[in-house]
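User: I am new to this structure and would like to understand how its descriptions are justified. Could we go through them one by one?

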Amino acid sequence: MQGKLVLGNWKMNGRLAANLALLQAMLADADINRAGVGIAAPYPYLAQLGAAFAGSQLAVAAQDVSRYAADGAFTGEVSADMLADMGCRYVLIGHSERRQYFAEDDACLRQKLQAAVTAGLVPVYCVGETLQERESGRFAEVVGEQLQALDAISGKEYVVAYEPVWAIGTGRVASIEQIDEAHRLILERVLQCHGASASIRVLYGGSVKADNADAILSLASVGGALVGGASLEVKGFGKICQSAKKTL
Ligand SMILES: O=C(CO)COP(=O)(O)O
């Protein structure tokens with residue numbers, strides 16, 4: 001069985017000097033510096049990550065990608081080919097912050113998924129319901145609809161991240177039962193869509209911290225973690241990576 005994957009999502013944080021100190025500390029930590037761990041950094045810092053991680057097994061990830069695949073007149077956009085050229089292995093697609101603040105819809109996310117796979121990147125497709133959707137009992141329907149965009153790619157390696165919107169940056173983590181239920185549902189839908197041949201992991205994201213990582217990552221339905229705030233400091237991130245390592 002493939003090991004669990006831990007991806008840090010720095011979101012819109014970081015500066016060259018602070019990144020350097022953090023990356024050096026990560027490289028010096030044996031729980032972090034190994035295969036199955038990566039960092040999704042803002043575009044301007046991808047080259048810095050690539051240089052820092054050269055010769056290590058740590059993966060470089062981007063937080064977004066253009067829906068437009070071909071080079072051309074798309075001012076401000078960054079293509080999937082460019083990310084591959086920069087040494088990225090993973091790219092986050094459809095993070096709830098992108099859906100919410102940048103109105104990314106199903107059609108846009110399908111294009112991004114296609115562009116990523118065509119460029120040889122592994123998409124990390126993010127899904128998750130809002131608090132209102134959960135409280136009105138629409139969780140399975142909403143997540144099921146979001147997963148339909150995966151029809152755009154076929155039989156390739158990809159990652160799904162289940163991030164309930166109400167658990168992101170709030171300190172309010174979903175219960176172990178809620179996480180397991182959601183992950184089983186996603187795995188079932190993915191299997192229906194792409195069959196057993198697909199190599200899929202479902203990561204959990206939303207207030208993953210040093211003190212809850214063991215419980216979350218020990219679930220068989222959880223293929224890893226997508227970590228926001230806790231990936232900005234080495235101690236907590238190291239502990240989360242250690243929890244993932246225990247499951248190897
Ligand atoms: O959005 C997230 C990762 O993509 C989760 O963020 P937090 O871990 O800060 O809740």
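Analyst: The turns below take up the ligand site, some strands and a few individual residues of this predicted model.

User: Which residues are around the ligand, and what makes them count as being near the ligand?

Analyst: The shell consists of Asn9, Lys11, His95, Glu163, Ala167, Ile168, Gly169, Gly206, Ser207, Leu226, Gly228 and Gly229. A residue is counted as near if one of its heavy atoms lies within 4 Å of the molecule, and therefore these residues are listed as surrounding the ligand. By class, the shell has three nonpolar, seven polar and two charged residues.

User: What makes the approach of Asn9, His95 and Gly229 to the ligand a polar contact?

Analyst: A polar side-chain atom of His95 lies 2.8 Å from an oxygen atom of the ligand, and a polar side-chain atom of Asn9 lies 3.0 Å from an oxygen atom of the ligand. Gly229 takes part through its backbone, where an N or O atom lies 2.9 Å from a ligand oxygen atom. The cut-off for a pair of N or O atoms is 3.5 Å, and the three distances lie within this limit, so each pair is called a polar contact. As for cover, the ligand has 310 Å² of accessible area on its own, and the protein covers 97% of this area.

User: How do you know that strand 8 is paired with strand 1 and with strand 7?

Analyst: Strand 1 (residues 5–9) is joined to strand 8 by four bridges, and strand 7 (residues 200–205) is joined to strand 8 by three bridges. Pairing requires at least two bridges between two strands, and therefore both cases qualify. Strand 1 and strand 8 run parallel, as do strand 7 and strand 8. Ala225 of strand 8 illustrates both pairings, for Ala225 is the bridge partner of Val6 and also stands opposite Tyr204.

User: Which way do the residues of strand 8 point, and are they buried or exposed?

Analyst: Gly224 and Leu226 point one way from strand 8 (residues 224–227), while Ala225 and Val227 point the other way, and all of them are buried. This fits the general rule that side chains in a regular strand alternate between the two faces of the sheet.

User: What makes both faces of strand 3 covered?

Analyst: In strand 3 (residues 59–62), Ala59 and Ala61 lie on one side and Val60 and Ala62 on the other, and all four are buried. Buried means under 20% relative accessible area, so with buried residues on either side both faces are described as covered.

User: How is strand 3 connected to strand 2 and strand 4, and which handedness do the crossovers have?

Analyst: Strand 2 (residues 37–41) pairs with strand 3 in the parallel sense over four bridges, with Ala41 having Ala62 as its bridge partner. Strand 2, helix 2 (residues 46–53) and strand 3 form a right-handed β-α-β unit. On the other pairing, three bridges join strand 3 to strand 4 (residues 88–93) in parallel, and Tyr90 in strand 4 is the bridge partner of Ala61. The chain passes from strand 3 through helix 3 (residues 80–85) to strand 4, and this β-α-β crossover is right-handed as well.

User: Why is Ala103 called exposed, whereas Ser207 is called buried?

Analyst: Ala103 has a relative accessible area of 60%, which is over 50%, so Ala103 counts as exposed. Ser207 has a value of 8%, which is under 20%, so Ser207 counts as buried. Ala103 lies in the loop between helix 4 (96–101) and helix 5 (106–118), and Ser207 in the loop between strand 7 and helix 9 (213–217). Each has a positive phi in a residue other than glycine, near 50° for Ala103 and near 60° for Ser207.

User: Why is Lys156 called partly exposed?

Analyst: The relative accessibility of Lys156 is 45%, which falls between the limits of 20% and 50%, and therefore Lys156 is partly exposed. Lys156 lies in the loop between helix 7 (139–147) and strand 6 (158–162).

User: Why does Arg134 count as buried, and which side chains does the side chain of Arg134 contact?

Analyst: Arg134, in helix 6 (residues 131–135), has a relative accessible area of 18%, and since this is under 20%, Arg134 is buried. The side chain of Arg134 makes polar contacts with the side chains of Glu129 at 2.6 Å and Tyr162 at 3.3 Å.

Key: Residues numbered from 1 in each chain as written. Predicted model: local features only at pLDDT ≥ 70, side-chain atom pairs only at ≥ 80, totals over all residues. Heavy atoms only, no water. Polar contact = N/O pair within 3.5 Å; in protein donor to acceptor, adjacent residues only side chain to side chain. Areas by Shrake-Rupley, 256 points an atom, 1.4 Å probe, with all protein chains shown as cover. Nonpolar A, V, L, I, M, F, W, Y, C, P; charged D, E, K, R; others polar. Buried < 20%, exposed > 50% of the residue type's maximum accessible area, 1.4 Å probe, protein only. Right-handed = clockwise from strand over helix to strand, strands pointing away.
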